[in-house]
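User: I am a first-year student and would like a close look at a single part of this protein. Please take it slowly and connect that part to the rest.

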Amino acid sequence: MNLSKKRCTQAGFHVSSGVLALVLVFCVGIVFNPGLFLSHSNMQNILRQTVTNALLAYGMAFVIISGSIDLSVAATVAMSGYITVWLLPYSFALALAAAVLFGVAVGTINGYLIAKVKFPPMIATYSMQLMIKGLILVLTNGITLKISTDSLIMKYLGHGMLFNLLPLGFVFLMAIFGICAFSIRRIPIIRSVYAVGGNEDAARMMGISVFKSRITAHIICSVLACLAGINVAARTGAATAGAGDGYDMLAIASVVIGGISMSGGKGTFSGCMFGAMVVAILSNIFKLQNFLNAYWERAIIGIVLLAVLLIQALMNQEEIRGLIKKYRFREG
């Protein structure tokens, strides 16, 4: 009973922390420029930006909850955009399948290096990022590849609207959210990321394959990064080598702001959504204001990220102190 209450309390904090951050930045946006910020077109822009952030945040959440991390998502976004735009004249289905298979390959390699070869996650995934980024530059000479065919699917994905209210990309994001939420509850190999991230040795004693769980988490992360890359290409109408630059850090920021612990084993996907919206609104505010230089955008997001990490660290310390006091009381 106590354990159930504790889990509910933790889940409530993760969700409410993202909601509070969202309310705070929304109020800041209203104060800075209420007319433009609350306009219909600007709200649509925020939702479109949220799509990319949230897709990456969902994937990053899987690997962070499992006790790992993935720094290769930025390059994966760029490469999947190139693959999609390159194959789009032949068939959208072929372009989508090739991009997803690329994500599966990247995730499998990352997961294998981390879970089997025991490479540190940051080293393995950063090396993968450098390799993919270099491969893009070699294959394209850094040239921007524009969408050369009139693809209605890409057009609607990037700029289509549902009843002139919601961007179709955001509707697609909600479908992905539903799939992630269902999978984390109903599919054992995916749900096991919580056990592996919480305590790897205990997970092994429970009969959970840490190897399979980590590889699955990294495959999901890379595939979602590829979907994010397709979304970026659809929005911009082109693929560039720098299309994903900075998105790895924005994904981590979205995850942490949403309340997912960097130590692993804790977090909810609803928190990722709120965190992605917070990052999108912060970016939007900087585009609307004239007080600060645009270069301050990443600095402010970094400050917010550090503040949330500090709060998480303090709360973890309080939780540990509480457990120690409870143990001493029982011993006494």
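What should the 27 residues of helix α11 span at 1.5 Å a residue, and how far apart are its end C-alpha atoms?

Analyst: The model is predicted, so everything below describes a computed structure.

Start with the length of the helix. Helix α11 covers residues 210-236. The expected span of a helix is 1.5 Å times one less than its number of residues. For the 27 residues of α11 this gives 39 Å, and the end C-alpha atoms are 39 Å apart, which agrees. Just after α11 comes Gly237, with a positive phi of about 75°.

Next, its surroundings. The protein contains 14 helices and four strands, and α11 is largely enclosed by the rest of the structure, because 22 of its 27 residues are buried. As background, buried residues make up 47% of the 332 residues in the protein.

His218 shows what being enclosed looks like for one residue. His218 belongs to α11 and has 0% relative accessibility, so it counts as buried; the cut-off for buried is under 20%. Not counting residues up to four places away in sequence, His218 touches Val63, Ser68, Ile69, Asp70, Gly107, Asn110, Gly111, Ile114 and Thr125. Several names in that list can be placed in a helix: α5 runs over residues 92-115, and the residues touched by His218 include Gly107, Asn110, Gly111 and Ile114.

Helix α5 also meets α11 through a pair of rings. By the rule used here, the protein has two aromatic pairs. One of them can be set aside for a moment: the rings of Tyr58 and Phe177 have centres 5.9 Å apart and planes at 45°, so this pair is tilted. It joins distant parts of the chain, with Tyr58 in helix α3 (residues 40-65) and Phe177 in helix α8, 119 residues apart. Tyr58 is buried because its relative accessibility is 0%, whereas Phe177, at 24%, is partly exposed.

The pair that involves α11 is Tyr112 with Phe211, and this pair is edge-to-face: the centres are 6.2 Å apart, with 80° between the planes. Tyr112 sits in α5 and Phe211 in α11, 99 residues apart, so to speak of distant parts of the chain is fair here too. The C-alpha atoms of Tyr112 and Phe211 are separated by 7.7 Å. Both residues are partly exposed: Tyr112 has a relative accessible area of 41%, and Phe211 has a relative accessibility of 29%. Leaving aside neighbours within four places in sequence, Tyr112 is in contact with Val117, Phe211 and Ile215. Of these, Phe211 lies in α11, and Ile215 falls within residues 210-236 of that helix. An α-helix has 3.6 residues a turn, so residues three or four places apart point the same way.

Further along α11, the neighbour to look at is Thr52. This residue is found in helix α3 and is buried, with a relative accessible area of 0%. Apart from neighbours within four places in sequence, Thr52 is in contact with Ala228, Asn231, Val232, Arg235 and Tyr247. Ala228, Asn231, Val232 and Arg235 are contacts of Thr52, and their numbers fall within residues 210-236 of α11.

Helix α3 in turn leads to another helix. Ala276 is found in α13, which covers residues 269-288, and is buried at 0% relative accessible area. Beyond neighbours within four places in sequence, the contacts of Ala276 are Thr50, Asn53, Ala54 and Ser254. The C-alpha atoms of Ala276 and Ala54 are separated by 5.1 Å, although the two residues are 222 residues apart along the chain.

Such links between distant residues fit a figure for the whole protein. Among contacts between residues at least 6 apart in sequence, 78% join residues at least 24 apart.

To put the part back in its place, look at the outside. The protein exposes about 16,600 Å², and carbon and sulfur atoms supply 69% of that. On the surface, Leu162, Phe163, Leu165, Leu166 and Val171 form a nonpolar patch with about 470 Å² of accessible area together. Val171 is found in helix α8 (residues 168-186) and, at 31% relative accessibility, counts as partly exposed. Helix α11, by comparison, is largely enclosed, with 22 of its 27 residues buried.

Terms used:
Residues are numbered from 1 along each chain as its sequence is written. This is a predicted model: local features need pLDDT of at least 70, side-chain atom pairs count only at pLDDT 80 or more; totals for chains, interfaces and linings use all residues. Side-chain values use heavy atoms; hydrogens and water are left out. Helices (H or I, at least four residues) and strands (E, at least two) are DSSP runs, numbered from the N terminus. Buried means under 20% relative accessible area, exposed over 50%, partly exposed in between (1.4 Å probe, protein chains only). Contact means heavy atoms within 4.5 Å. Accessible areas come from the Shrake-Rupley method with a 1.4 Å probe; for residues, only the protein chains shown count as cover. Patches are made of residues with over 30% relative accessible area and no salt bridge: like charges are joined within 9 Å, nonpolar side chains (Val, Leu, Ile, Met, Phe, Trp, Tyr) within 5 Å. A salt bridge is a side-chain nitrogen of Lys or Arg within 4 Å of a carboxyl oxygen of Asp or Glu. Rings of Phe, Tyr and Trp (its six-membered ring) pair if their centres lie within 6.5 Å; planes under 30 degrees apart count as stacked, over 60 as edge-to-face and the rest as tilted.
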